[in-house]
Amino acid sequence: MNAFVQRQQKRITPIAFSTVIEWLQYRAGGFYGGEAITQLEHALQCASLAMQDGASDTLIIAALLHDIAHLADDETDQTFPHGELAALQLADLFDEAVTEPIRLHVDAKRYLCAADPLYWSGLSEASQRSLIWQGGPFTVTQATDFISQPYAEDAVRLRQWDDAAKVVGAKTPELVYFIALMETCMDKGTDKHRLQHVQWVEA
């Protein structure tokens, strides 16, 4: 099922580029789950790790925005997985090279738990706890089906950066750097003139 059909069925309203910036600037200052860093610090670390690993620009932006749905009003991950929600919210701004790794990154954790016996033990306590209500490790069949999907390998890379991006005091580029990169990755169908009215400050 593609993102458009999902959005219609679930009645999710895509967000504007200005909303993405606003949420990152003004809503991402709280702590990230049970970790000791903020949502924004986690996003910047994840994007920075992707950049250091030689990822494409679109995958760097997926890393930056993979948890954007956590900043939405009344977001409840147990009832609507945040990866799926974020992919729907971003569907009018970015193509699938950005949205699909985001959509799949939660299931990528379930895949890695099945594919690597040591993976689970390396997760933070908060991530181990969330795995329970995310469905637990995949079966062999589920893992095989997962990794055969388009963008699944990108989602696995994103998941690994996600797991590592929890370092207190890590140095990263400022948000403004990634804002400029987001503009270059926006879907060609996006109404570019709207960007002229976006205001931002350095994080």
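Is Y151 buried, exposed or partly exposed? With a relative accessibility of 29%, Y151 falls in the partly exposed class. Keep in mind that this is a predicted model. In outline, the protein has 10 helices and 0 strands, and 49% of its 203 residues count as buried. Here is a quick tour, going from the overall picture to helix pairs and then to single residues.

**Overall picture**

- Reading along the sequence gives the pattern α-α-α-α-α-α-α-α-α-α, in keeping with the tally of 10 helices and 0 strands.
- Among contacts in the protein with a separation of 6 or more, 71% come from residues 24 or more positions apart.
- The protein has an accessible surface of about 10,200 Å², and carbon and sulfur atoms supply 51% of that surface.

**Helix 5, mostly covered**

- Helix 5 spans residues 82-89, and 7 of its 8 residues are buried.
- The buried set in helix 5 consists of H82, G83, L85, A86, A87, L88 and Q89.

**Helix 3 against helix 10**

- Two packed helices are described by the angle between their axes and the distance between the axes.
- For helix 3 (residues 39-52) and helix 10, the axes come within 11 Å and the crossing is at roughly 60°.
- Helix 3 is therefore oblique to helix 10, because an angle of this kind lies outside the 65 to 115 degrees that count as roughly perpendicular and is not under 35 degrees either.
- The crossing of helix 3 with helix 10 is left-handed.
- On the helix 3 side, the contact uses L40, L44, A47, S48 and M51, while helix 10 brings in L175, Y177 and F178.
- Sorted by class, the residues of this contact are 7 nonpolar, 1 polar and no charged.

**Helix 4 against helix 9**

- Helix 4 (residues 57-65) packs on helix 9 (residues 152-164) at an angle of about 50°, and their axes are 10 Å apart.
- That angle makes helix 4 oblique to helix 9.
- This pair crosses in a right-handed sense.
- L59, A62 and A63 of helix 4 make the contact with D154, R157, L158 and W161 of helix 9.
- The class breakdown for helix 4 with helix 9 is 5 nonpolar, no polar and 2 charged.

**Helix 6 against helix 7**

- Helix 6 (residues 96-115) and helix 7 (residues 125-133) pack with axes 11 Å apart, at an angle of about 100°.
- Helix 6 and helix 7 are therefore roughly perpendicular to each other.
- K109, R110 and C113 are the helix 6 residues in this contact, and they meet S127, S130 and L131 of helix 7.
- The classes here are 2 nonpolar, 2 polar and 2 charged residues.

**Y151, back to the opening question**

- Y151 sits in the loop between helix 8 (140-147) and helix 9.
- Y151 is not a glycine, yet its phi is positive, at about 70°.
- Y151 counts as partly exposed because its 29% relative accessibility is neither under 20% nor over 50%.

**Two residues of helix 8**

- V140 and A143 both belong to helix 8.
- V140 is exposed, with 69% relative accessible area, whereas A143 is buried at 10%.
- V140 and Y111 are 29 residues apart along the chain, and their C-alpha atoms are separated by 8.9 Å.
- A143 and A114 are also 29 residues apart along the chain, with 6.8 Å between their C-alpha atoms.
- Leaving out residues up to four places away in sequence, A143 touches Y111, A114 and F138.

**C185 in helix 10**

- C185 lies in helix 10, which covers residues 175-185.
- With a relative accessible area of 9%, C185 is buried.
- C185 and I60 are 125 residues apart in sequence, but the C-alpha to C-alpha distance is 9.8 Å.
- Once residues up to four places away in sequence are set aside, C185 touches D57, T58, I61 and F94.

Definitions and conventions:
Residues numbered from 1 in each chain as written. Predicted model: local features only at pLDDT ≥ 70, side-chain atom pairs only at ≥ 80, totals over all residues. Heavy atoms only, no water. Axes fitted to C-alpha atoms, helices over the stretch in contact; angles between N-to-C directions. Helix = DSSP H or I, 4+ residues; strand = E, 2+ residues; numbered from the N terminus. Parallel < 35°, antiparallel > 145°, perpendicular 65-115°, else oblique. Left-handed = near helix turned anticlockwise from the far one by under 90°. Contact = heavy atoms within 4.5 Å. Nonpolar A, V, L, I, M, F, W, Y, C, P; charged D, E, K, R; others polar. Buried < 20%, exposed > 50% of the residue type's maximum accessible area, 1.4 Å probe, protein only. Areas by Shrake-Rupley, 256 points an atom, 1.4 Å probe, with all protein chains shown as cover.
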